[in-house]
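Me: Please pick one residue in this structure and walk me through its surroundings. I am just starting out, and plain words would help.

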Amino acid sequence: MSSLLEKIEQSAATRLALPENRKPSEELGRFKTFLKVETHRLKILHRGGGSGREVCRARTAIFDVLLRYILDGAKKSIPETEKIPEFALVALGGFGRMELNPCSDIDVMFLHDGGMVSRGKPVPSLTALNEAMLYTLWDIGVKVGHSVRSIDECVKLANQDMQSKTSMIEARLIAGSQSLFEQFQKTIIARCVSGHEDEYVQERLQDQAARRAKFGNSPLLQEPNIKNGCGGLRDFQNLIWMTFFKYQTRSLKELEQKEMISPAERKQLEAAYDFLLRTRNDLHYHVGRPVDVLTKS
């Protein structure tokens, strides 16, 4: 896996470095070529038997490095007279988990310390960075969910919406201020996790019941939904999210270390989850769009 990530980094260094005084919007061809080449590399890896996690993590790495080069180019195009306040570009959801399937969208957030907004409106440097990155991604055909928030706004949203809270506990820094991101993580734990454990677990169980009612309450359906169905990807993720709230663990390995599952159970769960990820990868490649249902036809 490390050699694959190194190849992605080397490809990016060769293809994505912008010429002097060129904006990302003026170099769309190089970004498209990079995505085309690396997407083909991953498809070959999958066809050759690559694991579900391996392919998903590599696709995550592709977008990580792409975003960093676009953001770096955007920053260089901002006049020196316009100060760029402290910010962090953060990956959320599946992107944050490093589990991007071949046709999955990416979800990012511009996290700021409050100094990037003046009188309720973004300062010019924030607007320029945000638009340069988003317009470039849209122009090269990338579907992206995006937001601009302060830490306090993140806390407010997380405590209003369980899905947003889940996304934020999986947040991952892509570029920008490490200290700001660490402050965000500590604040989310202190104000959105601590004291909310039972409430969150109950909401997760309700979400599971709703999914079972909609997608079927059996793992033996002829046309299962491998993401939301019984025994699917979301059930595994629910396990990880709920144990994080209850026991501050983030992985099966940590659950094993706490002797809450056995080594054999950990291996079985990891193998099953990887199989589901690989199956979803294959569906995306076969159909050419996001799809979760294994149909008979």
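Which helix does R204 lie in?

Reply: R204 lies in helix α9. Before we look around, a word on the model: it is predicted, with local features needing pLDDT of at least 70 and side-chain atom pairs counting only at pLDDT 80 or more, while totals for chains, interfaces and linings use all residues. Residues are numbered from 1 along each chain as its sequence is written, and side-chain values use heavy atoms, with hydrogens and water left out.

Helix α9 covers residues 197-215. Helices (H or I, at least four residues) and strands (E, at least two) are DSSP runs, numbered from the N terminus.

Start with how hidden R204 is. R204 counts as buried because its relative accessibility is 0%. Buried here means under 20% relative accessible area, exposed means over 50%, and partly exposed is in between, with a 1.4 Å probe and protein chains only.

Next, its neighbours. Leaving aside residues up to four places away in sequence, R204 touches M162, Q163, T166, N238, W241 and M242; a contact means heavy atoms within 4.5 Å. Y135, on the other hand, is 69 residues from R204 in sequence and 35 Å from it in space, C-alpha to C-alpha.

Within its own helix, R204 has a polar partner: its side chain makes a polar contact with that of D207 at 3.2 Å. A polar contact is a pair of N or O atoms within 3.5 Å; within protein, one must be able to donate a hydrogen and the other to accept it, and residues adjacent in sequence count only if both atoms are side-chain atoms.

D207 leads us on to charges. Side chains of opposite charge can pair when their charged atoms come close. In a salt bridge, a side-chain nitrogen of Lys or Arg is within 4 Å of a carboxyl oxygen of Asp or Glu. The side chains of D207 and R211 form one, at 3.2 Å from N to O. These two are about one helical turn apart, because 4 residues separate them in helix α9. R211 is buried, with a relative accessible area of 7%, and D207 is buried too, at 17%. Through shared partners, salt bridges join R204, D207, R211, R212 and D235 into one network.

Helix α9 also has a charged link to another helix. Its residue D198 pairs with K246 in a salt bridge of 3.4 Å, N to O. This pair links distant parts of the chain, since K246 lies in helix α10 (residues 233-247), 48 residues from D198. Here the side chains are less hidden: D198 is exposed at 56% relative accessible area, while K246 is partly exposed at 38%.

For comparison, look at a pair elsewhere. E99 forms a salt bridge with R53, their closest N and O atoms being 3.6 Å apart. E99 sits in the loop between α4 (93-97) and β2, R53 in helix α3, and their positions lie 46 residues apart in the chain. E99 counts as buried at 11% relative accessibility, and R53 as partly exposed at 21%. The structure holds 19 salt bridges.

Finally, step back to the start of helix α9. Just after α8, G195 takes a positive phi of about 90 degrees. Helix α8 itself (residues 178-193) has several buried residues, including F181, F184 and I188. So the picture around R204 is one of a buried residue, at 0% relative accessibility, joined to charged partners in a network of salt bridges.
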